[in-house]
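Thank you all for making the time this morning. I would like to walk you through one structure, slowly, and I will say as I go how far I think we can read it.

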Amino acid sequence: MRVKKEINESLNKRSKKAKLFSVRTIPFFSSFRLIFVSFMFFVILSAVSFATECGLFGNYLYNGVCVPDYLVNLSTIIMLISVLIASAFYMIGIALEHERIKQWSKDLLFQILGSVLILGVYLGIAASLDFWAPSLLNTNLAYVGEPTVRSFSSANWVNLHDHVTHYVSCLISYTKGSVKNIVGITSAISILATTSINIQISDYNQFYSIFATGSGLSSLVSIAIGALASTLIQLRLQLEILNLNSALFSLILPLGLVFRSFPYTRSAGAAMIAITIGFTIFLPIFYLIIEDIGYHYYPKNVCLESPPSVSFFGLVGMGITIAKDGAFAAVQKYFGQGGDFEGLIKVAVIQATVLPLIAYLVVLNITKRIAEILGGEIDFSTLVRLI
Amino acid sequence: MMERMKELINRKKERKRKERKTNSLQTDTLQTEILQKNTFQTEAQGIPLSSGAFILFVLLFFFILSNLLSAELISPENLPTGCEVATKLDFGNQTGPTSAEQNWKSLSFIGLLLSAAFVSIIYMIGKAIDAPGLMARAKTDLIQVAVTGIALVFLYGILSSLCAIDAKEFGFGFSSFFDGANKYFEYSRAYALKTYLEATNSIMEISALTSFRINSPNFIDLGTFFKLGVYIQPYAGYGVTIGAINWFASLVLLSYSLITGFMVVLNAIQTYFLNLLLPAGVVLRCFSPTRDFGGILIAISIGLFVFYPLLFSFSYMMISKGGELSPPGLPNMDWEGKINWAVSRAIIVSSIPLGSAVQLIGQLSTGGNLATDSLLNAYEDVGPAILFIYILPAINWIILAAIVRELSKVLGQEVDISGLARMI
């Protein structure tokens, strides 16, 4: 009887253990299957989307353009290897019944799946830009219902990035032309200001300066040239940053995904992915908003507008105005509403300096938030200080 | 009776003494058990251990000092690359930073052995004086020695695989990531130099032009009785641009120094961080009182040795669009020739009898246009220089700070190196 009891007890214990094992494992396997299926779905989806447009390997779709690439594929391979590592660690965790190893491998798996999801979403947004970005041609993002300057030059539209770089290039040309013209005007005024006539009648000598007070303009013009020079420099910097677009997409994004796959470089990977998303998706859209706000205040196409200049007769007229009505009236006439230099001030101050600065600050803030969502904390205070 | 009483009292005393002895033995064993249980949590105040660590630290300090002194003998041209330092163990070259006695692998191995020996001695002392706390702590330290050893093996594996990747095979313009970082710095420095020379060229051209004067005392000569002279400074207006270009030239000069500083930092990281900081960190990490500090040293040395060049090689990939950049050509510094050419043409035109004034003005404006073009070129090139020398390095430092923070959190105490980015 006693032996029977013992046997029954041991059998019961075993069945309980078996039940526990089955209860513990079945939900895991089903959730694992779900994760695995969803992962494979993303892999196949991305593979199919590449395959339909660009061929299976070595290419990816970027804003409607097929670009050869290694790193997107490399990052996919590394993510797959990471999945294998996570699975191996999970097996070890099960074998050793070590909860921490199991938890660690699960976390790793979820992070990799997160990276795959980010890649899928990002590629989807970038690829869909081709479809929805042209609708921005006639849509004013700043003042709803107002016309856009883009709609008049729709023939130049290739894609969002090209349009934005073209717009910044136009701002550069406009500023360069303005600097050139202002230097020309200053030099013309200076010729008058430095010219003196020597009248000699018998032994009597007298020097007359034609426009002695003209040299007083030099400090004012020097400030204006300095401001335009810094505008030109930062516009060139903006263009260079926009030109990094393709490099950010083809290099920093996949490297960020690789970095994000490993625990100790996760925050760095998150920062890299966030920077790519911020600077390739949000920044170009902000430039469209800048263009719209700029057009609202100065309804002329900067790409077609010639920089302000004063002809020889204009200079004579300026001199007459100063002589007749005083310098303040001349400043109002040329720099005030409807004046020749009004456009320059609006373009240089609003479109080229203030709005881009705000846009960069906003993009950095968005980037910081995206990085936080992706699991990393980055301190952009240094960059903000540089701006 | 009295004798019996005395005997009884003595027996009682003996019994009490015995009880006290057994109690003390029990508390001793309890204490040892508690200590053994808490060994993984308690960090210690054990005097012999910290003195052992102190002796080791002093020894290591002298060792590092002697290495640094001998390092002065190494010329910058002979500095090994980061991958040589990481993977090579040159037994033949006894004076180089990669030689056996200065290599991080041998130093770390020796450091681990010495630490294990010290820990064993401490364990022996603990056993001899019957101090279970000391023994337990020594056991923990021994486990840490083993863990550090395993981590070092992993590190060597990672470094070897990183150095085995030849980026040229993937179509990039450099072989190892150290090579990529070097190329980035060299290109940025060349670009800064080009921009600085352009700015200087422009300043010199404008200065030369503004000093140009036309003085004609007998412009209208009506005999000795009446003369009308003219004095003109045709390019005086260009002087207003000098203030701005001077400011930007000094900014570019500063950036040239900054990029040179980055290169020196890279050289120092390549040669000394793994060879000196890592072994020091490894040894300090083996002992309880200095474990956190050792972890920080390891995090900084690995973080900077691997990720500083890696991030800058990414930057090189970005600016070169994955290819190889040829260094930017230096500008033509013959400003004097250009001005002389323009002025001589103006003189020739003016000397022609009845030469048109419009032609003269046209020739004079040629010199002005040359100056304006060089000025605009200089202004324009400052933008990319700022990107290469300020913006991209600042982003790299931000990412680097995040990596080092994560690593130091794992290895010991959280350390924030983001303040270094403020240097920029």
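Before anything else I need one definition, because I will be speaking of bridge partners: two strands are said to pair if DSSP finds at least two bridges between them. Please also keep in mind throughout that what you have in front of you is a predicted model.

With that definition in hand, let me begin at a place where the two chains meet through strands. Strand E3 of chain A, residues 196-201, pairs with strand E2 of chain B in the antiparallel sense, and the pairing runs over six bridges. If you look at its partners in E2(B), you will find that A:Ser196 is bridged to B:Tyr231, while A:Ile201 has B:Phe226 as its bridge partner.

Strand E2(B) has a second pairing, this one with strand E1 of chain B, residues 214-222, which is also antiparallel and also counts six bridges. Here B:Ile214 has B:Ile232 of E2(B) as its bridge partner. E1(B) and E2(B) form a hairpin with three residues between them, and in that turn B:Gly223 has a positive phi of about 80 degrees.

Now let me widen the view to the contact between the chains. In the model, 52 residues of chain B are in contact with 53 residues of chain A. On the chain B side, the elements that give two or more residues are strand E2 (226-232), helix H7 (242-285), helix H8 (291-319) and helix H10 (357-411). Which of these gives the most? That is H10(B), with 23 residues on the side of chain B that touches chain A. As to character, the residues on that side divide into 38 nonpolar, nine polar and five charged.

That brings me to the nonpolar core. The largest one has 171 residues, and those with the most contacts inside it are A:Ala271, B:Phe248, B:Val252 and B:Ile399. Its largest share, 25 residues, comes from H10(B). Taking A:Ala271 as a case, and leaving aside residues up to four places away in sequence, we find that this alanine touches A:Ala371, A:Gly376 and A:Ile378, and also B:Ile398, B:Ile399 and B:Ala402 of the other chain.

Let me turn to individual positions in the helices of chain B, starting with B:Asp179, which lies in helix H6. Is this aspartate buried or exposed? B:Asp179 counts as buried because it has 21 C-beta neighbours inside 10 Å, and the cut-off for that label is 20 or more. The C-alpha atoms of B:Asp179 and B:Leu304 are separated by 15 Å, although these residues are 125 residues apart along the chain.

For B:Ile242, in helix H7 of chain B, the label is a different one: with 18 C-beta neighbours inside 10 Å, B:Ile242 counts as partly exposed. B:Ile242 touches B:Ile203 and B:Ile206, again not counting residues up to four places away in sequence, and its C-alpha atom is 9.4 Å from that of B:Met204, 38 residues away along the chain.

Helix H4 of chain B, residues 104-128, allows a simple check of geometry. At 1.5 Å a residue its 25 residues should span 36 Å, and its end C-alpha atoms are 35 Å apart, so the two values agree. Among the buried residues of H4(B) are B:Trp104, B:Leu107, B:Gly111, B:Phe118 and B:Ile122. After H4(B) comes B:Asp130, whose phi is positive, near 55 degrees.

Chain A, for its part, has 11 helices and four strands, and buried residues make up 34% of its 387 residues.

I will finish with confidence. The model scores ipTM 0.72 and pTM 0.72. Chain B averages a pLDDT of 75, with 70% of the residues scoring at least 70, and chain A averages 75 with 70% at that level as well. Within chain B, confidence is highest in helix H6 (residues 177-210), at a mean of 88, and lowest in helix H2 (residues 47-71), at 52. Over residues 29-49 of chain B pLDDT stays under 50, and the model has 27 contacts beyond four places in sequence for that stretch. Over residues 18-26 of chain A pLDDT also stays under 50, and there the model has zero such contacts. Where pLDDT is low, the predicted coordinates should not be read in detail.

Notes:
Residues numbered from 1 in each chain as written. Chains lettered and ligands numbered in written order. Predicted model: local features only at pLDDT ≥ 70, side-chain atom pairs only at ≥ 80, totals over all residues. pLDDT = per-residue confidence, 0-100. Contact = placed C-beta atoms within 7 Å. Expected span 1.5 Å × (residues − 1). Buried ≥ 20, exposed ≤ 12 C-beta atoms within 10 Å, placed from the backbone. Nonpolar A, V, L, I, M, F, W, Y, C, P; charged D, E, K, R; others polar. Core = buried A, V, L, I, M, F, W, Y, C linked by C-beta atoms within 7 Å.
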